[in-house]
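Here is the note you asked for, set out as numbered points. Please read it with the structure open beside you.

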Amino acid sequence: MKKYNTLLFDLDGTLTDSAPGIINCVRYALSEMGVEEPKDIMRFVGPPLCESFPSFCGFDKEQTETAIKIYRSRYSVTGLFENNVYEGIPEMLERLKKGGKRLLVATSKPEEFSVRILDKFGLSEYFEIIGGAATDGSRDTKHDVLVYLLERAGITDTSDVLMIGDRMHDIIGAHSLNISCMSVLWGYGDTDEFNKYGTDYIVSEPSELADLLLS
């Protein structure tokens, strides 16, 4: 395995188990709009909402904007804290930080919510920059977030940069910018998904991730 000095972490499904809050807020939005819940609602965990509502509910642009607004009205108060840090994450981050790695967050969750979540769980101290989506919709795909984050961090050479996430969106976004991707099995994706989209590495435990990157 090559050496990576800059590590970009996804948030949902990688650092924290955010599924309860996301699903509760999706259900709230659909209920308020009088829309029946789609099958396999867990599909909402991972992709940006601007993609999920049209794909899984058939919403047009106006309906999607309404659903996101209702979703965020609950998420901003309650949903973002219906969330838990995965076991072993603080220890992993501590090891990587002490090992001289540069740690940043790259998430499709709105940046303001991401900062509040990481602050609440005491994880913000490990990250140089927390980069997320913009609430006005101008930056919501993983590709857009990564472009924004690399610019903020002053990174022009991505040869030693590694994206770490749990879904295909992390792989697609990273590879679109010639960034390697490591996929984690404790989140919401699985080996079939990771292999289908050509991830570079797969790990099953936070301790394994730290072992590999510090070896």
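Between which two elements does the loop that holds N178 lie?

1. N178 belongs to the loop that runs between α7 and β7 (180–184). Since the model is predicted, what follows describes computed geometry. Although N178 is not a glycine, its phi is positive, at about 60 degrees. N178 counts as exposed because its relative accessibility is 66%, above the 50% cut-off for that class.

2. Two further positive phi values deserve a look when the backbone is checked. D40, in the loop between α1 and α2, has a phi near 55 degrees, again a positive value in a residue other than glycine. G154, which comes just after α6, takes a positive phi of about 70 degrees.

3. The largest pocket has a volume of about 540 Å³. Of the 34 residues that line this pocket, P48, L49, C50, R72 and S108 are the closest to its centre. Two or more lining residues come from each of α2 (49–57), α3 (61–75), β4 (102–110) and α7 (168–175), and α3 contributes the most, with eight residues. Sorted by class, the lining of the largest pocket holds 14 nonpolar, 13 charged and seven polar residues, a composition to keep in mind when partial charges and protonation states are assigned.

4. Turning to the interior, the largest nonpolar core has 48 residues, of which F9, F53, L93, F127 and L209 touch the most other members. Helix α1 (residues 19–32) gives the most to this core, namely seven residues. Apart from the largest core lies another, of 17 residues, with L104, I155, A174 and I179 among them. In soluble globular proteins, nonpolar side chains tend to be buried together.

5. Two of the well-connected core residues can be followed contact by contact. F53, when residues up to four places away in sequence are not counted, touches V26, A29, L30, F44, G58, F59, T64, A67 and I68. F127 sits in the loop between α5 and β5 and counts as buried because its relative accessibility is 8%, under the 20% cut-off. Leaving aside neighbours within four places in sequence, F127 is in contact with F9, L15, L93, L103, L104 and V105. The C-alpha atoms of F127 and L162 are 15 Å apart in space, with their positions 35 residues apart in sequence.

6. Helix α6 (residues 142–153) has 12 residues and reaches 16 Å from its first C-alpha to its last, close to the 16 Å expected at 1.5 Å a residue. Which residues of α6 are buried? They are K142, V145, L146, Y148, L149, L150 and A153, and the list includes a lysine, K142, that may merit a second look. The cover over the buried residues of α6 includes β1 (6–9), β4, α5 (111–120), β5 (129–133), β6 (161–165) and α7. An α-helix has 3.6 residues a turn, so residues three or four places apart point the same way.

7. M182 and T199 are best read together, since each appears among the contacts of the other. M182 lies in strand β7 and counts as buried because its relative accessible area is 0%. Beyond four places in sequence, M182 touches M1, L162, M163, I164, G165, T199, Y201, V203, L209, L212 and L213. The C-alpha atoms of M182 and T156 are separated by 20 Å, and the two residues are 26 apart along the chain. T199 is found in the loop between α8 (191–196) and β8 (201–203), and T199 counts as buried because its relative accessibility is 14%. Its contacts, neighbours within four places in sequence left aside, are I171, H175, C181, M182, S183 and F194. From T199 to D170 the C-alpha distance is 9.1 Å, for a separation of 29 residues in sequence.

8. Is T16 buried or exposed? T16, which lies in strand β2 (residues 16–17), is buried because its relative accessible area is 0%. Not counting residues up to four places away in sequence, T16 touches L11, N83, N84, V85, Y86, F121 and Y188. T16 and K120 are 104 residues apart along the chain, while their C-alpha atoms are separated by 12 Å.

Technical notes: Residues numbered from 1 in each chain as written. Predicted model: local features only at pLDDT ≥ 70, side-chain atom pairs only at ≥ 80, totals over all residues. Heavy atoms only, no water. 1 Å grid on protein atoms, 1.4 Å probe; cavity = no way out; pocket = protein on both sides within 12 Å on 5 of 7 lines; lining within 4 Å. Points joined across faces, edges and corners; volume = space filled by probe spheres on them. Helix = DSSP H or I, 4+ residues; strand = E, 2+ residues; numbered from the N terminus. Nonpolar A, V, L, I, M, F, W, Y, C, P; charged D, E, K, R; others polar. Core = buried A, V, L, I, M, F, W, Y, C linked by side-chain atoms within 4.5 Å. Buried < 20%, exposed > 50% of the residue type's maximum accessible area, 1.4 Å probe, protein only. Contact = heavy atoms within 4.5 Å. Expected span 1.5 Å × (residues − 1).
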